[in-house]
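This report describes helix packing and chain make-up in the structure shown below. Terms are explained where they come up.

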Amino acid sequence: MGLSHGRMPDEALLTGLTTGDPELAVAFVRRFQRTVFGVALAVLGDPQLAEDVAQQTFERAWRHAQVYDSRRGSVRSWLTAIAHNLAIDTVRARRASPADPEDLDELLGIVTETPERRALADDSAERVRRAVAELPREQARALVMAGIYGMTAREVADAEDVPLGTAKTRIRTGTLKIRALLEAEEKR
Amino acid sequence: MSAMECERLRELDAELALGVLPARERAEAVAHLDRCQDCREHVERLTAVGDGLLALLPGADPPVGFESRVVRALGATPAPKPHRRRLRLAAAAVATALACGFGGWAVGTAIEGTPPVAAQRTDGRLREAALVSDGHEVGRIFAHTAGEGTGGRGWVYMSVDLERADRGPARCLLVHADGSTVPVGSFPLKGGYGSWGSPAEVDPATVTGARLVAPDGSVLATAHFPASQGH
């Protein structure tokens with residue numbers, strides 16, 4: 001009744017990743033590469049840089065498999081967090097501005113898109129999507145700039161041409177509203 | 001805990017949770033979280049918003065050849081015997097990865113080119129034993145009981161490297177205190193080497209060991225789990 005690698009649960013695959021077994025490594029990379037590369041590409045906007053970051057993400061996961069703690073989230077969200085941190089580090093090392101206004105609008109469209117097939121979905125991702133879509137535009141922009149592009153409040157203020165205090169308030173209000181909406185839905 | 005401190009923390013909570021607080025303010029906030037459980041829990045709840053945002057990002061196909069480049073970088077290339085080092089690495093890695101219940105998300109800073117080091121700590125749900133053949137250790141077996149993060153099921157994982165160039169399949173049986181055996185499954189051996197994992201009902205109160213059996217019924221290796229520590 002053994003499972004093929006492609007059907008092993010995420011955690012078992014992570015367990016096996018560091019055994020040096022090439023089949024397990026291939027199965028692990030194959031399962032998560034779209035997610036990892038997608039995060040890196042969204043932040044960096046450059047396929048070459050995104051590929052470097054995605055590769056570093058898998059190397060870091062391999063070296064740090066022992067600190068993965070299932071109580072704090074899924075393997076996928078762990079990898080997503082690693083890829084995101086590395087992508088933000090890459091942006092900062094290059095002193096590049098990650099948020100082109102057009103890219104930001106496009107990304108905001110993607111993360112608030114609620115086509116019919118998703119409208120009735122009730123998983124946590126869709127709840128977040130609906131919550132972001134309900135935010136005032138300027139708060140959603142600030143939240144995406146900070147939460148996805150990793151921009152500080154000062155950088156958001158400069159990009160939006162608003163005072164620092166306004167940028168901080170937008171980030172904070174947007175975050176708290178989403179948290180409140182999620183908690184309200186969780187209690188239903 | 002001064003209310004002033006908590007009030008100040010709440011001004012920074014979202015930026016802290018999203019990871020965009022400048023270094024000096026971040027250090028100040030983290031120092032406060034070390035002392036204040038309420039604020040810590042508050043920030044953890046907000047962190048879920050950031051995680052949720054990232055989960056909305058669409059996947060994208062990496063360039064052709066990415067998969068093989070990554071696998072090569074991980075050093076996971078097929079290697080003929082000797083297997084000893086591979087086996088030790090496998091055992092160490094499996095032990096560390098299964099021994100959940102400690103650690104955290106700290107993946108941020110120094111990265112050295114060293115593979116994971118075996119952790120000796122477990123949360124009581126992990127049983128580990130050597131697989132022995134003719135008095136020699138030929139592998140390790142790990143049995144993990146059901147719990148959080150295992151999808152509600154127990155797991156058995158093993159890595160074996162027999163001197164004989166057996167070409168499986170090898171059958172794995174869990175042995176219980178009353179002498180009864182329960183088949184878990186079978187897996188192929190290539191040149192005597194194989195690693196395999198499978199869901200399994202693992203009752204820590206009654207499982208005492210495991211047995212690997214060849215297709216002809218001969219015993220390839222046996223394992224005895226140490227007595228439970230009463231977790």
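## Chain B overall

In chain B, 55% of the contacts with a separation of 6 or more are between residues 24 or more positions apart. Two residues are in contact if their C-beta atoms, placed from the backbone, lie within 7 Å. Chain B has 5 helices and 8 strands, which run α-α-α-α-α-β-β-β-β-β-β-β-β from the N terminus on. Helices (H or I, at least four residues) and strands (E, at least two) are DSSP runs, numbered from the N terminus.

Of the 231 residues in chain B, 39% are buried. Buried means that 20 or more other C-beta atoms lie within 10 Å of the residue's own; with 12 or fewer a residue is exposed, and in between it is partly exposed, the C-beta atoms being placed from the backbone.

## Basis of the model

This is a predicted model, in which local features need pLDDT of at least 70, side-chain atom pairs count only at pLDDT 80 or more, and totals for chains, interfaces and linings use all residues. Residues are numbered from 1 along each chain as its sequence is written, while chains are lettered from A and ligands numbered from 1 in the order in which they are written.

## Helix 2 of chain A against helix 4 of chain B

The axes of helix 2 of chain A (residues 22–44) and helix 4 of chain B (residues 66–73) come within 9 Å and cross at roughly 130°. Axes are lines fitted to C-alpha atoms, for helices over the stretch in contact, and angles run from 0 to 180 degrees between N-to-C directions. The two helices are therefore oblique to each other; angles under 35 degrees count as roughly parallel, over 145 as roughly antiparallel, 65 to 115 as roughly perpendicular and the rest as oblique.

On the chain A side, A:Pro22, A:Ala25, A:Val26, A:Val29, A:Arg30 and A:Gln33 meet B:Phe66, B:Glu67, B:Val70 and B:Val71 of chain B. These contact residues divide into 7 nonpolar, 1 polar and 2 charged (Ala, Val, Leu, Ile, Met, Phe, Trp, Tyr, Cys and Pro count as nonpolar, Asp, Glu, Lys and Arg as charged, and the others, Gly among them, as polar).

## Helices 9 and 10 of chain A

Within chain A, the axes of helix 9 (residues 153–160) and helix 10 (residues 164–187) come within 8 Å and cross at roughly 110°. That makes helix 9 roughly perpendicular to helix 10.

Buried residues of helix 10 of chain A include A:Ala167, A:Lys168 and A:Ile171. In the contact between the helices, these three are among the residues of helix 10 met by helix 9.
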